Amino acid sequence: MVQCSQLSTGEPMIALTTIFQKFLREYAWKILSGNLPKSSSNSGGLTISSLLKEKEGSEAAKFTVDELCLICSILSTAEYCLATTQQLEEKLKEKVDKVLMERINLTGEMDTFSTSFIPKFINHLFRCKPISMVGAEQLLLDTHSLKTVLLDLPSIGSQVLRKAPASYTKIVVKGMTRAEMILKVVMAPHEPPVVFVDNYIKLLADGNPETFQKILDMKGLKRSEQSSMLELFRQRLPTPPSGGDGGSSLSFSAPTPEQESSRIRKLEKLIKKRL
């Protein structure tokens, strides 16, 4: 990277990034995932479900001490690779021309090293269409509970009190908060349209029309309503900041844990009343 930047900070840096992406993915799948122990009941390799079945005492094969040590080593290596890949992306962005900065994105590779559970969870949320208000409320409660479990997951069953890695906590909070925001937007009334669109932009900070389309599908709006909503959405998007800093992403202030807990308690009471 240093040698390349000394020769050029333009397109060759983008080509170098592509090479990094290729071999990071190959390392993740061929070296790390490829060396996970195979269980006798699942020739395809180790899976989360097989570990859960083992814990419950079912027929899943148990792992030896050596295999458990190997699994822990692979997980630790994946954690290291995640942190290193994040640093690599930052360094590449520092060295490349500012106009090309947005083309450097190692998010996919970071997701590979960090299990892709949260992106899959969000994709399954988008498949819940159309969804009723009560259904969205229940999913919001479930999502909040799942976020709490994921944050506590690294220390569950451990006798050593140790905080989860900062990179892990950041990924969980960012991903699951996005899932919560999606459900809150779905629960919001779509009338008046301007308020709904502005609320979406504020909560999700996502300027992608495809994501907005998925939200409208979850709400079960008719195609005629969706068309006008999409047009309004494009009109209401904030203008990207000028100055050539490459910043086109939207920003929003996430609620504090205290605010979030208060909202969840109110929602639980509301659902109990309806039931």
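**Figure 1. Ala 205 sits in the loop between H9 and H10.** In this predicted model, the phi angle of Ala 205 is near 50°, a positive value in a residue other than glycine. Is Ala 205 buried or exposed? Ala 205 counts as buried because its relative accessible area is 18%, and the cut-off for buried is under 20%.

**Figure 2. Helices H10 and H11 pack against each other at an angle of about 145°.** Two packed helices are described by the angle between their axes and by the distance between those axes. Here H10 covers residues 209–219, and its axis lies 10 Å from that of H11, a helix that spans residues 223–236. The crossing of H10 over H11 is right-handed. Which residues of H10 take part in the meeting with H11? From H10 come Pro 209, Phe 212, Gln 213, Leu 216 and Asp 217. Facing them in H11 are Arg 223, Gln 226, Met 229, Leu 230, Phe 233 and Arg 234. Sorted by class, the contact of H10 with H11 has six nonpolar, two polar and three charged residues.

**Figure 3. Gln 226 is a buried residue of helix H11.** With a relative accessible area of 2%, Gln 226 is buried. What does the side chain of Gln 226 make a polar contact with? The partner is the side chain of Asp 217, at 3.1 Å. Both Asp 217 and Gln 226 also appear in the list of residues where H10 meets H11. Once neighbours within four places in sequence are left aside, Gln 226 is in contact with Gln 213, Leu 216, Asp 217 and Leu 221.

**Figure 4. Pro 209 belongs to helix H10 and touches residues further along the chain.** Pro 209 is partly exposed, as its relative accessible area is 27%. Not counting residues up to four places away in sequence, Pro 209 touches Leu 230, Phe 233 and Arg 234. Take a look at Glu 231 as well: Pro 209 and Glu 231 are 22 residues apart in sequence, and their C-alpha atoms are 9.5 Å apart in space.

**Figure 5. Two cis peptide bonds precede prolines in loops.** The bond joining Lys 129 and Pro 130 is cis, with omega about -15°. Where is Pro 130 placed? Pro 130 is in the loop between helix H6 (117–126) and helix H7 (133–152). A cis peptide bond also joins Glu 191 and Pro 192, with omega about -5°. Pro 192 is found in the loop between helix H8 (166–187) and helix H9 (193–204).

**Figure 6. Glu 109 is a buried residue of helix H5.** Helix H5 runs over residues 107–113. The relative accessible area of Glu 109 is 4%, so the residue counts as buried. Which residues is Glu 109 in contact with, leaving aside its neighbours within four places in sequence? They are Gln 21, Leu 24, Arg 25 and Thr 85.

**Figure 7. The whole protein, for orientation, has 12 helices and zero strands.** Of its 275 residues, 33% count as buried. Among contacts with a separation of 6 or more, 67% come from residues 24 or more positions apart. The accessible surface of the protein comes to about 17400 Å², and carbon and sulfur atoms hold 58% of that surface.

Definitions and conventions: Residues are numbered from 1 along each chain as its sequence is written. This is a predicted model: local features need pLDDT of at least 70, side-chain atom pairs count only at pLDDT 80 or more; totals for chains, interfaces and linings use all residues. Side-chain values use heavy atoms; hydrogens and water are left out. Helices (H or I, at least four residues) and strands (E, at least two) are DSSP runs, numbered from the N terminus. Buried means under 20% relative accessible area, exposed over 50%, partly exposed in between (1.4 Å probe, protein chains only). A polar contact is a pair of N or O atoms within 3.5 Å; within protein, one must be able to donate a hydrogen and the other to accept it, and residues adjacent in sequence count only if both atoms are side-chain atoms. Contact means heavy atoms within 4.5 Å. Axes are lines fitted to C-alpha atoms, for helices over the stretch in contact, and angles run from 0 to 180 degrees between N-to-C directions. A crossing is left-handed if the near helix is turned anticlockwise from the far one by less than a right angle, and right-handed if clockwise. Ala, Val, Leu, Ile, Met, Phe, Trp, Tyr, Cys and Pro count as nonpolar, Asp, Glu, Lys and Arg as charged, and the others, Gly among them, as polar. Accessible areas come from the Shrake-Rupley method with a 1.4 Å probe; for residues, only the protein chains shown count as cover.
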